[in-house]
Amino acid sequence: MTADHSQHHSNLKNKEIVVAITGGIAAYKTAELVRELTKRGSNVHVVMTKNAMEFVTPLTFQTLSGNPVINEMFQLFSGSKIGHVTLSDIADHLVIVPATANIIGKIANGIADDFLTTMVMATTVPVLFVPSMNTKMWESRIVQGNIEKLEDLGFRFLEPAAGELACGTSGKGRLPEVEDIVETMEDVFTLKDLQDQKIMVTAGPTTEFIDPVRCITNRSSGKMGYALAKIARRRGAEVILITGQTYVKPPRIDIEVIRVTTAVEMRNAVMDRFRECSVIIKAAAVADFRCRTESCQKMKKTSDAIVSLELEKNPDIIAELGAVKEHRVLVGFAAETENLTKNAADKLKRKQLDLIVANDVSKADIGFGSDDNEVTIVETTGHVKQVPRMSKDEVASIILDSVKKCLKKKQRKEDWY
Ligand code: PMT
């Protein structure tokens, strides 16, 4: 049997999470959220308001969470204790999803007439509201006033997404993607140890055109770079993600994403913005060459058996950065098929990097495209850290630990002078 490496790097593991559902059309999407939370190792307790039960049934949520669903004010919970008090004692986090205008209004005005509203009043744990409603309701001064009041009291809100709504209109009011809700919840339990840093991450492949329909690219999916961007943001850093074309969804909504296609475009974006960053991580797989002349028209078939393309060198972005980086921490990746550590250590020196992460790309199930990676981290001191196969999120977290060590070392040096 092989181990399951697809597990997320999650701080929600072993946490007692209360998911409260109120009566909105998006209630059915909460089933997916409960599933994702249990996958990440949380123990989920579902609370439903009376209105929620008009949209979805407790049985679904009991099955998905493995715990009884609470939907009555005086429901008994684990024997004789009254539910809302017990649950607010054991909970680590309460998330209300979807949160209707009605529940926001009730809680903002101190009404406690059912299990959920009473629990919110009795709890001291972090509470997250995930509102979903019609755009006009969302924009109404009553709702916005209530939200402001609750935010002032320390309650957190995740803004609705824009798009088509169930009522047939389009605008802001949709429930955010499950992935975005879970990321916001991960934030609550993540130490913000990179809070004062601004980190640039490059990710994905670059694409060089031969003619308007053909191109030279590589198998990078962007997943490694996206994992680095996500975990850095989770740990409190401000993040700029410069990405080549990929089909993977941007990892978080609160990351600045700059999309590029060619290596020259990536170089320009990096050189334009690196000065404002304290850390630059180059996980992108940059094409070393581009076509010397890109044909404006689609190349025609010819009778020749061999057609040659003339290639010219692309800029070496990381080497250019190495020469001007000053106090910044510069992290490179090295995709190698042999002599992993030695080749990586050579690149580290030659390109004036602070850290290099070596990838053995000859192995099929790690590196390019996969959800897992196995890397060797080489420092300027010659210190080598072997990171065995694990999810890219977990690898990202270990790389960021090494970045943090580098930052501390540089800080100590600056203090010393
Ligand atoms: O995207 P995934 O599917 O998740 O796959 C991840 C990955 C395998 C692409 C990633 O982990 C990785 O190894 N990225 C670097 C691949 C690479 O281009 O290696 P390299 O040895 O050719 O380049 C060394 C370093 O120089 C890299 O940091 C690269 O970004 C940088 N470089 C390379 C060429 C160039 N012209 N400019 C550069 O800045």
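The following paragraphs lead through this structure from the whole chain to the ligand site, two helices, one buried glutamate and several backbone features.

The model is predicted. Its chain has 417 residues, and buried residues make up 50% of them. The secondary structure amounts to 13 helices and 21 strands. Taken along the principal axes, the C-alpha atoms fill a box of roughly 75 × 60 × 50 Å. Of the contacts between residues at least 6 apart in sequence, 68% join residues at least 24 apart. The exposed area of the chain is about 20,900 Å², and carbon and sulfur atoms supply 51% of that area. The chain carries 55 positive and 55 negative charges, whose mean positions are 3 Å apart.

The ligand is surrounded by 25 residues, the closest being Ser220, Ser221, Lys347, Asn359 and Gly369. Both backbone and side-chain atoms of the protein take part in polar approaches to the ligand. On the backbone side, a polar atom of lysine 223 is 3.3 Å from a ligand oxygen, and a polar atom of isoleucine 317 is 3.1 Å from a ligand nitrogen. On the side-chain side, a polar atom of lysine 392 lies 2.7 Å from an oxygen atom of the ligand. On its own the ligand has 770 Å² of accessible area, of which the protein covers 95%.

Helix H1 spans residues 30–39, and its buried residues are Thr30, Ala31, Leu33, Val34, Glu36 and Leu37. The spacing within this list can be read against helix geometry. An α-helix has 3.6 residues a turn, so residues three or four places apart point the same way. The buried residues of H1 pack against strands E1 (16–21), E2 (43–48) and E5 (93–99), and against helices H2 (58–65) and H8. Just after H1, glycine 41 takes a positive phi of about 95°.

Helix H4, residues 101–108, is mostly covered, with 7 of its 8 residues buried. These are Ala101, Ile103, Ile104, Gly105, Lys106, Ile107 and Ala108. They pack against strands E5, E6 (127–131) and E7 (156–157), together with helices H5 (115–122), H6 (135–139) and H7 (141–152). Strand E5 thus appears among the packing partners of H1 and also among those of H4. A positive phi of about 75° is found at glycine 110, just after H4. Strand E5 also contains proline 98, which is joined to valine 97 by a cis peptide bond with omega of about -5°.

Helix H8, a packing partner of H1, spans residues 178–188 and contains glutamate 183. Glutamate 183 counts as buried because its relative accessible area is 2%, under the 20% limit. Its side chain forms a polar contact of 2.5 Å with that of arginine 234. Beyond its neighbours within four places in sequence, glutamate 183 is in contact with Arg40, Lys230, Arg234, Pro251 and Arg252.

Two residues other than glycine take a positive phi in loops beside helix H12. Asparagine 339, with phi near 40°, is in the loop between strand E18 (329–336) and helix H12 (340–350). Glutamine 352, with phi of about 55°, lies in the loop between H12 and strand E19 (355–360). Asparagine 339 counts as exposed because its relative accessibility of 52% is over 50%. Glutamine 352, at 44%, counts as partly exposed.

Technical notes:
Residues numbered from 1 in each chain as written. Predicted model: local features only at pLDDT ≥ 70, side-chain atom pairs only at ≥ 80, totals over all residues. Heavy atoms only, no water. Helix = DSSP H or I, 4+ residues; strand = E, 2+ residues; numbered from the N terminus. Buried < 20%, exposed > 50% of the residue type's maximum accessible area, 1.4 Å probe, protein only. Polar contact = N/O pair within 3.5 Å; in protein donor to acceptor, adjacent residues only side chain to side chain. Contact = heavy atoms within 4.5 Å. Areas by Shrake-Rupley, 256 points an atom, 1.4 Å probe, with all protein chains shown as cover. Lys, Arg positive; Asp, Glu negative; His and termini not counted. Charge placed at Lys NZ, Arg CZ, Asp CG, Glu CD. Near = heavy atom within 4 Å.
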